[in-house]
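Hello,

Here is the structure I promised to pass on. Please open it alongside this note; my findings follow below.

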Amino acid sequence: MSNKATPQHRNAGMSKEAIEVSLGDHLVYTSSKYHTDATTHDWFQIMALTVRDRLVERWMETMQRYYDQDAKRTYYLSLEFLMGRTLSNAMLNLEMDEQCKTALYELGQEFEQVAEIEADAALGNGGLGRLAACFLDSMATINLPCYGYGIRYEYGMFRQSIENGIQTEHPDNWLRYGNPWEFPRPELLYPVKFFGHVVEYKHENGLLRHHWVDTDDVMAMAYDTPVPGYGGKTVNNMRLWAAKSSRDFDLRYFNQGDYIQAVADKNESENLSKVLYPNDTTAMGRELRLKQQYFFVSASLQDMLFRYKKNHASWAQLPDKLAVQLNDTHPSIAIAEMVRLMVDVHHQTWDEAWSLTTRIFSYTNHTLMPEALETWPVAMFESMLPRHLQIIYEINHRFLQQVMHQFPGDGELLQRLSIIDERGERRVRMSHLAIVGSHAVNGVAALHTELMKRTIFADFERVMPGKIINITNGVTQRRWLNQANPGLAGLISGRIGKEWLTDLGQLQKLRAYVDDEAFQQQFRAVKQANKTHLVELIRKRLCIEVDPNSLFDIQIKRIHEYKRQLLNVLHVITLYNRIRSGTHPDMVPRTVIVAGKAAPGYAMAKLIIRLINDVADIVNNDYQVGGKLKLVFIPNYDVSNAERIVPAADLSEQISTAGTEASGTGNMKLALNGALTIGTLDGANIEIRDEVGAENFFLFGLTTDEVQAVRRQGYDPLGYYRGNADLKQAVDMIASGYFCPDEAARYQDIVDALLKQGDNYLVLADYASYVACQDKVGELYRQPQEWTKRAILNVAGMGKFSSDRSIREYAERVWHVAPIEMQPDQQSH
């Protein structure tokens, strides 16, 4: 397919004057407003469409380039894409930010006010979705032919407010005012089937065929969003699917006067893409989640195969033309769906279909926790996806036959490896399906990968040695330094040039300035300005006064027991007790900032949020404390809030129990912005410490091996509690209702989890080491010159942690795709 006529928009130049013309055109022809009538929201839409015009040209050129060169493409399947706001990111990547801001200013508008109108595209829950967004940015920046595929959730991750200390969830209607960045594709519709039953019949060639009939069908409609790389040479596509009913309106019911039933099928079908991650504490929520996973996977695979067949007559080349990456277990039903499409729809033999499938797919694992590895009841599969269950049974049978021949007589090994878990209620192990059906499996940090091989997937490493590899995660420096922290980005570029924007390894050149007093002063001034901005945000939103000269101690991440926000709270209580007792009169003033959302059905995480807010209420209002200590919980943590918090951090809290965090990317963002890390040897912390230098990292806590040894020996949290007076005092204050006098037993569940139910994440075991390490943090913060040196060395050491490096590794080691450069005749566009 080729269409050389890529249009040129008459006003799509990059000069301030061309941008002003575009703004004027959109004001009249898109908004139909006079300058004096336009609202701030109108100006946002006008500016977004002006930038989008420039994106579209490059987007179409990019897609044409891929077709012309018949490029092998990577398709990234992710149930989450936490994109955040697009306007500033697109302007910076197209290198048109200054022209846009100036043009808008000359029309009487402040860019900051206009940009603030944009809703976060909160199509993700946390690190998984943000990683996917960083990866899309890197794929485009290094000119890789890649698509992202996901779901266009009508309501994103809930909006969090704190009411009386309690997390309250509100719908995140991010599409309320439309989305100027997306292009609906009503002509791109694919049927997705559910339920029904399977009919077997013999084809005239004698082969057994299967027909999935009497199904409930939903239509998947595509919405495309351009994703620009830095410099704008490549603009890739993110295609999100929305569920549409196959029957919009049942006239029968309407004519009978039953107007609700007339649209019931439409409403039920379209619920599929209504909300991100339905609460899976209910049977209906779990069913909807599996439906979502299959819905977007089926539509995406049909779309890939349709695109392939436009230019290729035979299926033989399929693995040479596409690679599919499964981002965690959520899309792993794609393995069975590809086999179904190949065998049942395109009539390949089983062996042909399986060979194609295993050469196309690769799988990224993001968790070491067995309970977090998705499994689904066989009964649910049998009802909802009956053909897929048959295919999974066949895949499992053939796989176990191979293992049996390789390791004869080891029945327990077969049980452990089986895709079907036969213990208790029979369940489909989705991670096992992903591993068996992929040619490569990767962990996301060196420790994580090693633990995958030693623990949860040890049997797979034994029967498929070498299949599990490591590719450490990364973050995009374009958003997390250039966009989020323009002061530091400008300071860095002024000293070493702008090459770091596409080669983060260039940051090592900053080592030459570590003892430069002028550079140190400028570095401190940037940090202080960022802290002042955050102080103003906290004052405006929360009416809390914070000292910008205090140490900003920051923990921002999803609220979960293994991430140990509880350990942080215990330390805050300890500092509070020290201040009240007068034993530490010269304590360094500290502001502890926590942000993050708890899953709506996760009662313990929500209770931890309430505890943080109750402790904050007492600490922040105790006159004896004065300005020495503040605890602040910033609600509704999302990408935009992260962009405000991260640049202001002095200290980065990465305190998960060793062996629980797969990688973490918040640790990378914070260190990249000049925060020092206090952390355990967990996830990517280990590699960060190696790169920035052990002396520039505050290490505490048990190692993974020590954690396992403590558990083997019989962990006794009561022993730690009784043996440490400060710890006992802090826990007793929580237990006695000190922070909630109106309801003394409010936190009994937390106290019981620590003292009576085994303290699963060894909070008490690591407490003393953590507090001692925090004392060292305070001592160093008294020495601003030394602190600044170490902060500069942290920034200088972060070159490894660009998502560009991660994506290059995937491209070379897993996908075998190459960059598709812009042709000389396209350079002039």
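**Cavities and one buried serine**

The largest cavity has a volume of about 130 Å³. Its lining comprises 13 residues, and Ala71, Arg73, Arg307, Tyr308 and His312 are the closest to its centre. Bear in mind that this is a predicted model.

Three elements each supply at least two residues of that lining: helix H2 (40-68), strand S1 (73-77) and helix H10 (283-311). H10 gives the most, with four residues. Sorted by class, the lining of the largest cavity has seven nonpolar, two polar and four charged residues.

The search covered the whole structure and found three cavities of 30 Å³ or more.

The second largest cavity holds about 70 Å³ of space. It too is lined by 13 residues; the closest to its centre are Lys557, Gln654, Ser656, Glu661 and Asn685. Here the class count is two nonpolar, seven polar and four charged residues.

Next, serine 652. It sits in strand S22, which spans residues 651-654. Is serine 652 buried or exposed? It counts as buried, because its relative accessibility is 0% and the cut-off for buried is under 20%.

What is serine 652 in contact with, once neighbours within four places in sequence are left aside? The list is Ile554, Asn667, Leu670, Ala675, Leu676, Thr677 and Ile678.

For a first look, I would suggest the lining of the largest cavity around H10, then serine 652 in S22.

Best wishes

Note on methods. Residues numbered from 1 in each chain as written. Predicted model: local features only at pLDDT ≥ 70, side-chain atom pairs only at ≥ 80, totals over all residues. Heavy atoms only, no water. 1 Å grid on protein atoms, 1.4 Å probe; cavity = no way out; pocket = protein on both sides within 12 Å on 5 of 7 lines; lining within 4 Å. Points joined across faces, edges and corners; volume = space filled by probe spheres on them. Nonpolar A, V, L, I, M, F, W, Y, C, P; charged D, E, K, R; others polar. Buried < 20%, exposed > 50% of the residue type's maximum accessible area, 1.4 Å probe, protein only. Contact = heavy atoms within 4.5 Å.
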